[in-house]
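Trainee: I have a structure open beside its sequence. How should I read it, feature by feature?

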Amino acid sequence: MKKIARTIFVAMIVMSAMIACIGCTKKGPWDHPNVDWYSEDPVMKLHTDYSGEPSIGYMEVNGQQVQVYLCWGPPTYTFSLYAYNSDEGISVGTDELLLRGKVKYDSETATLLIDTDNVFKSAYSTVVLKRHITE
């Protein structure tokens, strides 16, 4: 009987700690509305209107601006950057994939760790995006 009571007590403490930590999780870059994300090398600028939705913008490829959109977020903490045609809208299944990989982030930056590169010929292994609030 004492073992059961002890197990229940320990389980309650663990569950309480887990519930308390739910509010402690840091915000991911995809959780920020009204923000611009930019990089200087390579040149990239993306705008997010609403948290959780794709960020739309451009990047420079061989001196030319290419319209793109960025999809990223949990549960896999990955990103995919696609070519964007404003006339046709977003179609993740059929739009041309430009970059794909994992995301690392802190409070001010999001680092794209590139696994698949269909645009820069592996010239970049990472892209650091800085956050600028546009409210």
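**Reading the rings, the barrel and the core**

Mentor: Start with the aromatic side chains. Trp 30, Trp 37, Trp 72, Tyr 77 and Tyr 105 are linked into a cluster by ring pairs. Keep in mind that this is a predicted model.

Trainee: How many aromatic pairs does the whole structure hold?

Mentor: A search finds 7. To read one, take the distance between the ring centres and the angle between the planes; planes over 60 degrees apart count as edge-to-face. Trp 30 and Tyr 105 have ring centres 5.3 Å apart and planes at 75°, so this pair is edge-to-face. The pair joins distant parts of the chain, 75 residues apart: Trp 30 sits in the loop between helix H1 (2-22) and E1, and Tyr 105 in strand E6.

Trainee: Is Trp 30 buried or exposed?

Mentor: The cut-off for buried is under 20% relative accessible area. Trp 30 has 5% relative accessibility and therefore counts as buried. A second edge-to-face pair is Tyr 69 with Tyr 84, at 5.9 Å centre to centre and 80° between the planes. Tyr 69 belongs to strand E4, while Tyr 84 lies in the loop between E5 and E6, 15 residues away along the chain. Tyr 69 and Tyr 84 are both buried.

Trainee: Now the fold. What order do the elements follow from the N terminus?

Mentor: The run is α-β-β-β-β-β-β-β-β, that is, 1 helix and 8 strands. To read a sheet, follow which strand pairs with which. Here the 8 strands close into a barrel in the order E1-E2-E3-E4-E5-E6-E7-E8, with antiparallel pairing. Neighbouring strands of this sheet are turned by 30° against each other on average, direction ignored.

Trainee: Where do I see the pairing residue by residue?

Mentor: Look for bridges. Strand E1 (residues 35-40) and strand E2 (residues 43-48) run antiparallel and are joined by 6 bridges. Glu 40 has Val 43 in E2 as its bridge partner. Further along, strand E4 (residues 64-73) is also antiparallel to E5, again with 6 bridges, and Tyr 69 stands opposite Tyr 82 in E5. The hairpin of E4 and E5 has 4 residues between the strands, and Tyr 77 there takes a positive phi near 55°.

Trainee: Which strand does E5 pair with over 5 bridges?

Mentor: That is strand E6 (residues 97-105), in the antiparallel sense. One bridge to follow is Thr 78 with Lys 102 in E6. Lys 102 also stands opposite Leu 113 in E7, so you can step across the sheet through this residue: the bridges from E6 to strand E7 (residues 109-117) number 7, antiparallel.Between E6 and E7 the hairpin has 3 residues. E7 then pairs with strand E8 (residues 126-133) over 5 bridges, antiparallel as well, and Thr 109 stands opposite Lys 130 in E8.

Trainee: Why is strand E5 described as largely enclosed by the rest of the structure?

Mentor: Strand E5 (residues 78-83) has 5 of its 6 residues buried, and it is therefore largely enclosed. For the protein, buried residues make up 33% of the 135 residues.

Trainee: How do I read the nonpolar core?

Mentor: In soluble globular proteins, nonpolar side chains tend to be buried together. The largest nonpolar core here has 23 residues, of which Met 59, Trp 72, Phe 79, Leu 81, Leu 99 and Leu 129 touch the most other members. Two or more residues come from each of E1, E2, strand E3 (55-61), E4, E5, E6, E7 and E8.

Trainee: Which residues is Phe 79 in contact with, leaving aside neighbours within four places in sequence?

Mentor: They include Leu 70, Trp 72, Leu 99, Val 103, Leu 112 and Ile 114. Arg 100 and Lys 102 are also among them.

Trainee: And a charged residue, Arg 131: buried or exposed?

Mentor: Arg 131 is in strand E8. With 17% relative accessibility, Arg 131 counts as buried. Beyond its neighbours within four places in sequence, its contacts include His 32, Asp 36, Trp 37 and Glu 108. The C-alpha atoms of Arg 131 and Thr 109 are 6.0 Å apart, with their positions 22 residues apart along the chain.

Technical notes:
Residues are numbered from 1 along each chain as its sequence is written. This is a predicted model: local features need pLDDT of at least 70, side-chain atom pairs count only at pLDDT 80 or more; totals for chains, interfaces and linings use all residues. Side-chain values use heavy atoms; hydrogens and water are left out. Two strands pair if DSSP finds at least two bridges between them. Axes are lines fitted to C-alpha atoms, for helices over the stretch in contact, and angles run from 0 to 180 degrees between N-to-C directions. Buried means under 20% relative accessible area, exposed over 50%, partly exposed in between (1.4 Å probe, protein chains only). A nonpolar core is a set of buried Ala, Val, Leu, Ile, Met, Phe, Trp, Tyr and Cys residues joined through side-chain atoms within 4.5 Å. Contact means heavy atoms within 4.5 Å. Rings of Phe, Tyr and Trp (its six-membered ring) pair if their centres lie within 6.5 Å; planes under 30 degrees apart count as stacked, over 60 as edge-to-face and the rest as tilted.
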